Amino acid sequence: QIKVKRRGDDKKYVAKVLARGTECDLAMLSVENEEFWRGTEPLQLGRLPCLQDSVTVVGYPLGGDTISVTKGVVSRIEVTPYAHGTSDLLGVQIDAAINAGNSGGPAFNEQG
């Protein structure tokens, strides 16, 4: 069973796994309880960032209970071996400070 909670709220909601990518340590979850989604807006995904694009990195690094937000610039884009599987996947290297445990968090450019 997977439970998720909203930032700043201690209530936990049951989530369902819609898809998972074991080779990239990623899962897509869904929460059926409408209360969980109240006051949220969907994220519109944009294009892949280009070299020298400014990005904002978001995540929950080890050693804390709050969200971490860091800014940086894309310095490299290449296919690279991934530590959790046998696949080579697209990697985007940025020059932002990344705290331990937060290296897989999302990176957003100005278009999302």
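**Domain interface and the A97 loop**

The domain assignment splits the protein chain into domain 1 (1–42) and domain 2 (43–111). The model is a predicted one. Between the C-alpha centres of domain 1 and domain 2 the separation is 20 Å. Domain 1 contributes 7 residues to the contact, and domain 2 contributes 9 residues.

The two domains bury about 600 Å² between them. Carbon and sulfur atoms account for 54% of that area. On the side of domain 1, R7, E23 and P42 provide 69% of the area buried against domain 2. No other three residues supply more.

Polar pairing across this interface was examined next. The rule finds 0 salt bridges between domain 1 and domain 2. It also finds 0 residue pairs in polar contact across the interface, with both residues required to be at pLDDT 80 or more. The side of domain 1 that touches domain 2 nevertheless includes 4 charged residues. The remainder of that side consists of 2 nonpolar residues and 1 polar residue.

A separate site is A97. This residue sits in the loop that runs between β6 (88–94) and β7 (107–108). The relative accessibility of A97 is 54%, so A97 counts as exposed, the cut-off for exposed being over 50%. A97 was also placed relative to G64. In sequence, A97 and G64 are 33 residues apart. In space, their C-alpha atoms are 16 Å apart.

Conventions
Residues numbered from 1 in each chain as written. Predicted model: local features only at pLDDT ≥ 70, side-chain atom pairs only at ≥ 80, totals over all residues. Heavy atoms only, no water. Domains from an automatic or database assignment. Contact = heavy atoms within 4.5 Å. Buried area = accessible area lost by both parts, 1.4 Å probe. Salt bridge = Lys/Arg side-chain N within 4 Å of Asp/Glu carboxyl O. Polar contact = N/O pair within 3.5 Å; in protein donor to acceptor, adjacent residues only side chain to side chain. Nonpolar A, V, L, I, M, F, W, Y, C, P; charged D, E, K, R; others polar. Helix = DSSP H or I, 4+ residues; strand = E, 2+ residues; numbered from the N terminus. Buried < 20%, exposed > 50% of the residue type's maximum accessible area, 1.4 Å probe, protein only.
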